[in-house]
Amino acid sequence: MFSFFNRTPRPKLIVTEDDKLWIEANLEWMMGQYGVRPLLLPPITAHKGPFAQFSDRIEKKLTYFMDNVCERMDVDPDNVDLHLYTAGDDFGLDGPVMVRFEGGYSQGEYHHRNNLTGKFDIHINRKVIGNPQALFATMAHEVGHIKLLGEYRVTEDNDNHEYYTDLTAIYFGFGIFMANTCNTRETWSDNKGYSGWAIGKQGYLPQQMIVYALAVQAYLQGRKDPEWADQLDKIPRKMFKQSLLWLHETGDCDVRLPQARGGRASDI
């Protein structure tokens, strides 16, 4: 009779039912757009691979990192011009700008093809260079604009295009960086003895939706305890394990491999 008290609580879904359906429907849409292969690759980490390199020379190697982001996301690096800026700079470039905000300043900005160079201009705020994971997440988000807007998959008047851009970055393997940096804490002090802290938000999708998308990715890969999950910070790692266990116990995932079943319309 004591077995009742020793039962492990059944895992719960960490997102709303509407958010679950949104993530799964749009992952299914992306399978049709980008192919299944990006979703089957392990997510990128800063622990090994190209993004573990040059940790002491991040700013000098920005082009190296951007090239690797582009190659992972099937964008020709030669079609991208990377620039650094300080918040408040006037770029003087033609075309709409898509801005990623964190704590009141833009992390990165995307411009349509430059009329003079024929390339996509991506600007990265110098402030984000101090946080490599936030830097890589920002780069992936801005390249995601190329996949969606630059390759004419969505239009700018779609109110949700920033959320799709975050999900695109996750689809191509940058979900760990995004989960670890979507909620930020910054401390400061000065020479007068004053100090303080601030909490900000990077990106558009909330952390629980990013983590659930990662869990769906692992579930579709047939993984129950992927080693790359150890690279998630404590809170998103706990949510990830709960979500993946929920998926394996319930089987309640409407996306199937090797080919999406279809029958449900993405809202893109």
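The crossing of helices H5 and H6 is left-handed. The contact between the two is made on the H5 side by Leu167, Ile170, Tyr171, Gly175, Ile176, Met178 and Ala179, and on the H6 side by Gln207, Ile210, Val211, Ala213, Leu214 and Gln217. The axes of H5 and H6, the latter covering residues 207-220, come within 9 Å and cross at roughly 115°. These values, like those below, are computed from a predicted model.

**The protein as a whole**

The protein contains 7 helices and 6 strands. Along the sequence these elements are arranged in the pattern α-α-α-β-β-β-β-α-α-β-β-α-α. The chain has 268 residues, of which 48% are buried. Of the contacts between residues at least 6 apart in sequence, 69% join residues at least 24 apart. The protein exposes about 13700 Å², and carbon and sulfur atoms supply 49% of this area.

**Helix H5 and its bend**

Helix H5 comprises residues 161-181. A straight helix of 21 residues would span 30 Å at 1.5 Å a residue, yet the end C-alpha atoms of H5 span only 20 Å. Where does H5 bend? The bend is at Phe174 and amounts to about 120°. H5 is also mostly covered, with 20 of its 21 residues buried.

One residue of H5 illustrates this setting. Leu167 is placed in helix H5, and it counts as buried because its relative accessibility is 0%. Apart from neighbours within four places in sequence, Leu167 is in contact with Trp22, Ile23, Asn26, Leu27, Met30, Leu205 and Ala213. Leu167 and Met178 are 11 residues apart along the chain, and their C-alpha atoms are separated by 9.9 Å.

**Helix H1**

Helix H1 consists of the 18 residues 17-34. At 1.5 Å a residue it should span 26 Å, and the distance of 25 Å between its end C-alpha atoms agrees with that expectation. The buried residues of H1 are Lys20, Trp22, Ile23, Glu24, Ala25, Asn26, Leu27, Glu28, Trp29, Met30, Met31 and Tyr34. What covers the buried residues of H1? The cover includes helix H2 (37-40), helix H4 (132-150), H5, H6 and helix H7 (234-250).

As general background, an α-helix has 3.6 residues a turn, so residues three or four places apart point the same way.

**Residues with positive phi**

Gly35, just after H1, takes a positive phi of about 85°. Phe54 has a positive phi although it is a residue other than glycine, and Tyr152, likewise not a glycine, also has a positive phi. The table gives the values for these residues.

| Residue | Phi | Place |
|---|---|---|
| Gly35 | about 85° | just after H1 |
| Phe54 | near 55° | loop between H2 and helix H3 (62-72) |
| Tyr152 | about 60° | loop between H4 and H5 |

Are Phe54 and Tyr152 buried, partly exposed or exposed? Phe54 counts as partly exposed because its relative accessibility is 23%, a value that lies between the cut-offs of 20% and 50%. Tyr152 counts as exposed because its relative accessibility is 73%, which is over the cut-off of 50%.

Methods: Residues are numbered from 1 along each chain as its sequence is written. This is a predicted model: local features need pLDDT of at least 70, side-chain atom pairs count only at pLDDT 80 or more; totals for chains, interfaces and linings use all residues. Side-chain values use heavy atoms; hydrogens and water are left out. Helices (H or I, at least four residues) and strands (E, at least two) are DSSP runs, numbered from the N terminus. Buried means under 20% relative accessible area, exposed over 50%, partly exposed in between (1.4 Å probe, protein chains only). Contact means heavy atoms within 4.5 Å. Accessible areas come from the Shrake-Rupley method with a 1.4 Å probe; for residues, only the protein chains shown count as cover. The expected span of a helix is 1.5 Å times one less than its number of residues. The bend at a residue is the angle between axes fitted to the seven residues ending there and the seven starting there. Axes are lines fitted to C-alpha atoms, for helices over the stretch in contact, and angles run from 0 to 180 degrees between N-to-C directions. A crossing is left-handed if the near helix is turned anticlockwise from the far one by less than a right angle, and right-handed if clockwise.
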